[in-house]
Each structure stands twice: as C-alpha cells, then as structure tokens.
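This report is a guided reading of one protein chain, written for someone who is new to looking at structures. Please keep the sequence and the model in view while you read.

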Amino acid sequence: MEGMQVAEYRCDSRVEGSHEQLSILFLCRGSLTYRVGSRSHELVPGSVLCGRPGIEFVCTHNPGGFAEALAFRFDPGFASLEADGVPPLAELTALGGLALAAADGRSDLGLDEVGVLLAARMAGVPSGSPGGSAADRHRAVTAALWIDEHSADPVTLEAGARAAGLSMFHYLRVFSRVLGVTPHQYLVRCRLRQAARLLAEGSESITDIALRVGFGDLSNFVRTFRRTAGVSPSRFRRMAIFAK
C-alpha cells in the first residue's frame with residue numbers, strides 16, 4: 001500500500017538505533033524491553049510499540065527470549081502518534097486478532113487495512129506507565145507469558161501467583177504496576193485476541209470459539225467481545241470477511 005509497508009519481524013538479540021519512519025509493532029509472541037531515553041517499557045503479547053521518527057531506542061530480551069511482531073511502517077505525514085510503549089489495551093485487542101489472521105493468510109482483510117485501523121485507533125492513546133525493580137519487571141513478564149500460554153485454561157489469581165512464585169497480593173501489585181493491566185484483564189484480552197483471530201478466519205461456530213479460547217459460556221463471551229470491539233462477534237466476523 002502506498003504510504004505504508006508491512007513486515008513480519010522476529011528478534012532474539014539486542015537491537016539499537018533510531019526510527020527512520022513512524023512504526024507500529026504489534027507484539028504477537030515472546031517479549032521485549034523497549035527503552036527510549038529514561039523510559040523502559042515491558043512488552044508482552046498484545047502490547048504495542050510505537051516508534052517515532054528520529055527517536056533513539058534500545059530493544060533487549062530476557063536471556064533466551066525472543067519477540068515476534070507485525071511491523072507497520074508509515075511514510076511521513078501518514079499518521080502522527082505520541083505513545084512509545086502501550087500495554088495490552090482492550091481497544092487494541094480485536095485489531096490484534098485481525099492482524100494475526102491476516103498475517104497467516106486466513107482473513108480477507110489485508111494487512112495494510114489492519115495497519116490503517118491500528119494507526120487510527122492508536123491516535124490519542126497514551127504510553128503505559130511502567131514501574132518496578134528489574135526483578136519485578138522480570139516476574140511480571142514471565143507471569144504474562146505464562147498467562148498467554150495457558151489462557152484457554154481456567155486460570156485463577158492463585159494459579160498465576162503460584163506460577164510466578166509470589167503471594168497473590170504481591171503478584172497482583174507487581175503485574176499491574178509493570179504491565180499496566182491486572183492479571184485478569186490480561187487473561188481476558190489474551191482470550192479475546194485469540195477469538196478475534198478465529199472469527200476472522202471464518203470457519204468455527206461462535207459458540208465453539210468462545211469455549212475454545214476459555215470463556216465458560218457464550219453469553220459472557222458475546223457481552224465481553226461487544227464491549228471490547230464495539231460490535232458483536234457475528235458482526236465482527238462479517239466485517240473481517242467482507243472488508244476487501
């Protein structure tokens with residue numbers, strides 16, 4: 001598409017430099033630490049990185065870690081954004097699922113169209129407010145990756161805290177402070193991201209998708225999805241299929 005380029009991106013080593021173009025990276029798998037000046041952002045699946053032209057950055061990973069993302073790069077004047085690192089916000093969840101389906105070639109919606117929608121939705125979105133010690137940041141990222149891996153299972157606060165090796169109170173405080181969302185909010189958004197991806201593929205029934213991604217009943221899934229995406233799952237599916 002004129003004015004924008006889209007690429008799949010994988011990184012498992014330190015990267016530093018400055019952004020030549022406005023870039024939006026939607027993190028699909030893995031994690032990374034994105035540093036801009038004195039600010040550091042811990043990004044986990046569902047998070048968004050916004051690289052502004054001329055801004056110097058450093059991306060690092062936990063030992064043995066990696067990041068897989070969809071990168072949307074815009075020509076000057078295409079869009080203007082202010083954020084750096086954005087946590088897994090509810091309003092970005094469905095678009096992330098669409099992007100994943102489009103990248104896999106299982107949606108009629110083009111990746112360039114997803115990029116335009118993502119840039120429009122990002123307008124006015126503030127950066128996250130990361131905090132915590134290095135140890136806490138590592139614990140929060142590890143916990144988020146565990147949730148993402150087990151999101152279709154009945155994940156409780158107690159189970160997440162046990163997996164992180166923390167008390168429930170410390171787990172909730174650390175996770176929220178570092179990643180900008182609570183563990184339960186992140187769990188629901190992981191499920192919604194996967195549901196949006198499956199809906200865009202257009203094959204399974206909505207009931208089967210709801211159960212497959214971890215929702216206990218259809219009505220809760222429909223209500224939660226509508227609140228997040230602004231449309232019902234059936235409407236979302238039609239939009240994804242006929243958005244050529």
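## A starting point: Ala 210

In which helix does Ala 210 lie? The model shown here is a predicted one, and in it Ala 210 belongs to helix α7, which covers residues 206–213. Is Ala 210 buried or exposed? With a relative accessibility of 0%, Ala 210 counts as buried, the cut-off for that word being under 20% relative accessible area.

If neighbours within four places in sequence are set aside, the residues in contact with Ala 210 are Phe 215, Leu 218 and Phe 221. Ser 23, by comparison, is 187 residues away from Ala 210 along the chain, and the C-alpha atoms of the two are separated by 32 Å.

## The chain as a whole

Nine helices and nine strands make up the list of elements in the protein chain. Its radius of gyration is 17 Å, close to the 18 Å that the globule rule gives for 244 residues, and therefore the chain is as compact as a globular protein of that length. Taken along the principal axes, the box filled by the C-alpha atoms is roughly 50 × 45 × 30 Å.

Of the 244 residues, 49% count as buried. The accessible surface of the chain comes to about 11,200 Å², and 51% of this surface belongs to carbon and sulfur atoms. Among the contacts with a separation of 6 or more, 74% are made by residues that are 24 or more positions apart.

## The sheet of five strands

Strands of a sheet pair through backbone hydrogen bonds, and the pairing can be either parallel or antiparallel. One open sheet in this model has five strands in the order β1-β8-β3-β6-β9, with antiparallel pairing. Strands β1 (4–11) and β9 (85–86) stand at its edges with a single partner strand each, so one side of each is left without a neighbour in the sheet.

Strand β6, residues 48–51, is the place of Cys 50. Four bridges join β6 to strand β3 (residues 22–30), the two running antiparallel, and here Ile 24 stands opposite Cys 50. Strand β6 also pairs with β9 in the antiparallel sense, over two bridges: Val 48 stands opposite Val 86, while Leu 49 stands opposite Gly 85.

Which residues cover the two faces of β6? Val 48 and Cys 50 lie on one side, Leu 49 and Gly 51 lie on the other, and all of them are buried. For Cys 50 the relative accessible area is 0%. Cys 50 and Thr 224 are 174 residues apart in sequence, and their C-alpha atoms are 27 Å apart in space.

## The sheet of four strands

Another open sheet consists of four strands in the order β2-β7-β4-β5, and its pairing is antiparallel. Its edges are formed by β2 (15–18) and β5 (39–43), each of which has a single partner strand, so one side of each is left without a neighbour in the sheet. On average, and with direction ignored, neighbouring strands of this sheet are turned by 20 degrees against each other.

Strand β4 (residues 32–36) and β5 pair in the antiparallel sense over five bridges. Thr 33 stands opposite Glu 42 in β5, and Arg 35 has Ser 40 as its bridge partner in that strand. The two strands form a hairpin with two residues between them, and Gly 37 in the turn has a positive phi of about 60 degrees. Strand β5 is mostly covered, since four of its five residues are buried.

## The nonpolar cores

Which residues touch the most other members of the largest nonpolar core? This core has 41 residues, and the ones that touch the most other members are Ile 24, Met 122, Phe 221 and Phe 236. The element that gives the most to this core is helix α1 (residues 90–103), with eight residues. A further core of 18 residues lies apart from it, and its members include Ala 143, Leu 166, Tyr 186 and Leu 187.

Some of these names have already appeared: Ile 24 stands opposite Cys 50 in β6, and Phe 221 is in contact with Ala 210. For Phe 236, once neighbours within four places in sequence are left aside, the contacts are Ala 94, Leu 98, Ala 196, Leu 199, Phe 225, Ala 229 and Val 231.

Notes:
Residues numbered from 1 in each chain as written. Predicted model: local features only at pLDDT ≥ 70, side-chain atom pairs only at ≥ 80, totals over all residues. Heavy atoms only, no water. Pairing = 2+ DSSP bridges. Axes fitted to C-alpha atoms, helices over the stretch in contact; angles between N-to-C directions. Core = buried A, V, L, I, M, F, W, Y, C linked by side-chain atoms within 4.5 Å. Buried < 20%, exposed > 50% of the residue type's maximum accessible area, 1.4 Å probe, protein only. Contact = heavy atoms within 4.5 Å. Rg over C-alpha atoms; globule rule 2.2 N^0.38 Å. Areas by Shrake-Rupley, 256 points an atom, 1.4 Å probe, with all protein chains shown as cover.
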